[in-house]
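Got your viewer open? Let's take a walk through this model, one selection at a time.

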Amino acid sequence: MNAAPDQYGVIGHPVAHSWSPFIHGLFARQTEQAMVYRRFDVPPAKFRRHVMHFFLHGGRGLNVTLPHKVAAAGLANELTPRAERAGAVNTLMIQNENEILGDNTDGEGLVRDLQDNCGVTVGGTRILILGAGGAARGVLAPLLELQPREIVVANRTAARASALAREFAELGNLIGCGFDSALLTDDFDLIINATAASTEGDVPVVAATLVSKRTICYDLAYSKEKTPFVRWAESHGCVRALQGWGMLVEQAAESFSVWRGIRPQTAPVLQALIAS
Ligand code: ATR
């Protein structure tokens, strides 16, 4: 008799539109892993209880999405260094039978998508990150590791950007400011939108002159239509505008390899996702 498949899932609120079951289902088939992957829509007040119940009853791993990523970091028994630096967790797994390990694969997902899928060079470039919340925090360290010339973090609330830049200062050349700062010039090689503006159908209010003919724009958000930021970037003449589908698949692949010790191929899954 075959053993029951290992249990995995994604926990969020809301989570009905998550693509993670689709992606991990394809990864499992491709790598012939016996696993099931479900969606769990759990409000914040029930998050801790639900996670404990899942792992106590044999669950092996969870992806964590909004709004639980910070709470998941507080709940884990141990954090990987990258999760600790991000202060947020998107991947939980059981280790040593009764301990919960928290990891964060978001930054790795972005870097892999930029470099491997999109052929974007980060080393030596000047980068603007819009936003200073959890999404920005999660991608800062992996980007700084690639030694860009400078990263400017600009946020609607300038003080939050300055605080974030101070926190990561030892990792590289990093500066924080508001949207109206004189640092926001037209010589950025890469502009990353890490604000939550897209979720409200909005674009951060920054000067269109930031975008030049050589600027690559990347929206961490993704949608079946072009996101508002991608439309904004294209209408101001950027060389390329990308959105976060590749990052989504790459962070999932990194979670999958943390859980299963096997790295799935991402290109066919990204193709299937875009075609679906
Ligand atoms: P996340 O984990 O998605 O980053 P968050 O920690 O709540 O969520 O942070 C949201 C980020 O999006 C913040 O940088 C926020 O700016 P403020 O710090 O000034 O609030 C930014 N943001 C949200 N809506 C925005 C909008 N309409 N325009 C510009 N920035 C916005």
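Start by selecting strand E6, residues 99-103, together with E4: the two run parallel and pair over two bridges. This is a predicted model, so keep that in mind as you click around. Now zoom in on Leu79 and look across to E6, where Gly102 stands opposite.

Next, bring in the rest of this sheet. It is an open sheet of six strands in the order E2-E1-E3-E5-E6-E4, and its pairing is mixed. Which strands sit at the edges? Colour E2 (35-41) and E4 (78-79): each of these edge strands pairs on one side only. If you're wondering what holds neighbours together, strands of a sheet pair through backbone hydrogen bonds, either parallel or antiparallel.

Keep the sheet on screen for the next stop. Select residues 20-31, which is helix H1; this helix packs on the sheet and touches strand E1 (6-12), E2 and strand E3 (61-64). Compare the helix with E2, and you'll find that their directions make an angle of about 175°.

Now hunt for some backbone oddities around here. A bit of background first: most residues other than glycine have a negative phi, and most peptide bonds are trans.

- Pick His13 and Pro14: the peptide bond from one to the other is cis, with omega near 0°. Pro14 belongs to the loop between E1 and H1.
- Follow the chain to the loop between H1 and E2, where you'll meet Glu32. Phi of Glu32 is near 55°, so here is a positive value in a residue other than glycine.
- Jump to Leu66 and Pro67, which are joined by a cis peptide bond with omega about 5°. Pro67 sits in the loop between E3 and helix H3 (69-75).

Time to move to another sheet. How are the strands ordered in the open sheet with parallel pairing? Trace them as E9-E8-E7-E10-E11-E12, six strands in total. At the edges you'll find strand E9 (174-178) and strand E12 (240-243), each pairing on one side only. Turn the view to see the twist, which averages 20° from one strand to the next.

Zoom in on one pair in this sheet. Strand E8, residues 150-155, pairs with E9 in the parallel sense over five bridges. Click Ile151 and look for its bridge partner in E9: that's Leu174.

Last stop: the ligand. Show everything around it, and you should have 16 residues, the closest being Asn155, Arg156, Thr157, Arg160 and Ala196. What kinds of residues make up this shell? Colour by type and you get six nonpolar, six polar and four charged.

Now check some distances from the ligand's oxygen atoms to the protein backbone. A polar backbone atom of Ala132 is 2.9 Å from one ligand oxygen atom. For Gly134, a backbone N or O atom lies 3.0 Å from an oxygen atom of the ligand. Ala196 also places a backbone N or O atom 2.9 Å from a ligand oxygen atom. Finally, switch on the surface: taken alone, the ligand exposes 640 Å², and the protein buries 76% of that.

Methods: Residues numbered from 1 in each chain as written. Predicted model: local features only at pLDDT ≥ 70, side-chain atom pairs only at ≥ 80, totals over all residues. Heavy atoms only, no water. Near = heavy atom within 4 Å. Polar contact = N/O pair within 3.5 Å; in protein donor to acceptor, adjacent residues only side chain to side chain. Areas by Shrake-Rupley, 256 points an atom, 1.4 Å probe, with all protein chains shown as cover. Nonpolar A, V, L, I, M, F, W, Y, C, P; charged D, E, K, R; others polar. Pairing = 2+ DSSP bridges. Helix = DSSP H or I, 4+ residues; strand = E, 2+ residues; numbered from the N terminus. Contact = heavy atoms within 4.5 Å. Axes fitted to C-alpha atoms, helices over the stretch in contact; angles between N-to-C directions.
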